[in-house]
Amino acid sequence: MAKSKLSENVRQASRQEQFLNVIDRDEATRRFQSSLTLKPLGVENIQLDDLHGRVLAHNIQAKIDVPGFDRSNVDGFAVIAEETAGAQEETPCFLKINNESLLPGQRPNATVTPGTATPISTGGMVPRGANAIVMIEETDLCEQDGVETVTISRSVAPGNMITYAGTDIAQGETVLWGGTKLTSREIGLLASLGQTDAPVFKSPRVAIISTGDEVVAPGETLPVGSIYDSNAAILSAAVKECGGTPVFVGRVQDEADQLQKMINTALEQDVVLLSGGTSKGAGDISYRIVQQFNDPGIVAHGVALKPGKPICMAVTQGKPVVILPGFPTSAIFTFHEFVAPVIRKLAGQPAESRKTVRAKSPIKVNSDRGRTEYLLVRLFESDGKRHAYPMGKGSGSVTTFSLADGFLTIPQHSEIISAGTEVEVTLLDEELQTSDLVVIGSHCVGLDLLLGKLRLQDLKPSIMHVGSEAGLSAVQRGECHLAGVHLLHPETNIYNVPFLTEELSLIKGYRRMQSFVCRSDDERFSGLDGKSAIQVALNASDCSMVNRNPGSGTRILTDQLLQQLNESDRPPHGYAMQVKSHNAVAAAIRQQRADWGIAIDSVANDYGLQSFPLREEHFDFIIRKENLQQPQIVAFQEMLQQPEVQAELEQIGFQVVPQEAGFLVNK
Ligand SMILES: Nc1nc2c(c(=O)[nH]1)N[C@H]1C(S)=C(S)[C@@H](COP(=O)(O)OP(=O)(O)OC[C@H]3O[C@@H](n4cnc5c(N)ncnc54)[C@H](O)[C@@H]3O)O[C@H]1N2
Ligand code: MOO
């Protein structure tokens, strides 16, 4: 970037205007909706094949009777019911067989007269004269005086086994009501009436634009510092879910002319959605372009809401133009809050009804004062109690929204939800999916492998990564079935077992090699073992570490090793850089933000880094004793004991000791 442009950007960024006009959520909705005409955009006839999910614009009246004729429900004989009176096995009645057999679709010729019967198939048209059908099972054939005759061994009442014309649907009857969202069932009904199409509300066409220099299309190479465009995909699918038709206009760099052109193209559609560039930072140009509209243009920019504060809502040419915040969770959350209700109304779709459930907050939650916070949570049920765990990754994360079950609302003026408080959780899906094996604790790809296999056995495990210590607390409080942990007990130097109590047992898992990790071309460490490498790193100038978060098993090991090896009374350079996973340690080293760290060797391998073994740690599963007999726990233990599963674990870099995997240990 040219020097003058760079300094202009820096100046602009540091002059960043703040959101002075932040308004509350309801006021923002009111301003936005009152600037729009919120009714369906029109009606179109759509063919049956494309009707699924569309909303019927008018009532549908049947133009024909269904069935259109009196129809036999069984294979048998069409008869005059009265003629069968008194018929029994010992004293059957005899009827001459008419000279036709009525298959479905065949128009009868012969009238059934007294003393006669006509063979008829299921779905066949009942002939004139007949008023009942005798099932074939209750008949036999014989010949009487050279005439084919049926013997009937049961008497039947008039109407027996006949569906009369118009009993299913009568001509003129309203069979479907306007406003109905069409599913397979209604589409079947329309077909039964002979309709090839139906009048439905037009689907609003929603233009989608992703902005940002760093945003790359899925499938393309990802330069360092860039991210894949997830907003376009999630918004496009969400638009369909509320009855709109997504029209992806494009991805545009932070370049005003290009964006201006794209917005002009987008305005050919009914709704325009942009994501990114809504803050008032240096590269945030979306709002600057939208700011030019004045019919009325921007109606709200800044809402006292988390996630979603910088959302910008505008109206031009009577069309909604919304800049959603770039952060993935903010983008989709604000879409559901503000945009989805508008698209639904334009599509004639019923408003979304959201269910709520009650749960306990297992931990203390802090919230910003001054913004209504929607805290996305995962719900876990264990022993009939339900707990709402905050997703904990913020609105920049994709998984915060995509893997959450619901959200709880923390009002604008509340700051804290204490641990144990009962909260109301609004569900994101219509129904809450409950799981039968709740695992909370440290993340491990080995554990992912095991849970994936249990899923294939029709179990429904769910997992939350909170670290080993928090996992241990969760299992102690009875919030989960299993806690995956790798906790080194500093005094005994033993993994996991010393943390057991009277109520807790441990299912032995597998082992992982905690290693000193550095870049493969870092010659300062060539040929060393793990501990010597740490010593070299501590004494080298310009050598920075990446540390792990307190509460993680790796942090305990790191501190123990530093206590042994660090002769200086200062923490090593980079000690304060504390990341939350093995992967983040590896990424920091690979991208040269740090030179060394401690992580498991399988992750180091995946990142093309070199690793020197330090200590084999035990990754085990803590469980409350009262849950030991539950079938899903037994299945988990059995799985760990299977030689094929153990081989797979070894293949992805773990060490399995067959005599211990899956076995129980008590304190
Ligand atoms: N100094 C301040 N900085 C920020 C504030 C603030 O009040 N003061 N607000 C923060 C909040 S809250 C949000 S939300 C974000 C919104 O920022 P923008 O809407 O301007 O979005 P960008 O800066 O363009 O991007 C933010 C983030 O999202 C990623 N992104 C963008 N587009 C996509 C996409 N299509 N798919 C996936 N991810 C995307 C982008 O790379 C950035 O990481 O601002 C905070 N900052
Ligand atoms: O709106 Mo931002 O979403 O608070 O993260």
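The two exercises below look at the surroundings of two ligands in a predicted model.

Residues are numbered from 1 along each chain as its sequence is written, and chains are lettered from A and ligands numbered from 1 in the order in which they are written. Local features need pLDDT of at least 70, side-chain atom pairs count only at pLDDT 80 or more, totals for chains, interfaces and linings use all residues, and side-chain values use heavy atoms, with hydrogens and water left out.

**Exercise 1.** Find which residues are around ligand 2, and describe polar contacts of its oxygen atoms (a polar contact is a pair of N or O atoms within 3.5 Å).

*Solution.* Begin with the shell, where a residue is near a molecule if one of its heavy atoms lies within 4 Å of it; around ligand 2 these residues are Lys306, Pro307, Gly308, Lys309, Pro310, Phe327, Ser330, Arg371 and Ser395. Next, turn to the backbone, where a polar atom of Gly308 is 2.4 Å from an oxygen atom of ligand 2, while for Lys309 a polar backbone atom is 2.8 Å from an oxygen atom of this ligand. Finally, Ser330 takes part through its side chain, with a polar atom 2.2 Å from an oxygen atom of ligand 2.

**Exercise 2.** State how many residues surround ligand 1, and describe polar contacts with Asp229, Thr278 and Gly326.

*Solution.* Ligand 1 is surrounded by 24 residues, and the closest are Glu214, Asp229, Thr278, Ser279 and Gly326. The side chain of Asp229 has an N or O atom 2.8 Å from a nitrogen atom of ligand 1. Backbone atoms also contribute, since Thr278 places an N or O atom 3.1 Å from an oxygen atom of ligand 1, and a polar backbone atom of Gly326 is 2.9 Å from an oxygen atom of ligand 1.

Key:
A polar contact is a pair of N or O atoms within 3.5 Å; within protein, one must be able to donate a hydrogen and the other to accept it, and residues adjacent in sequence count only if both atoms are side-chain atoms.
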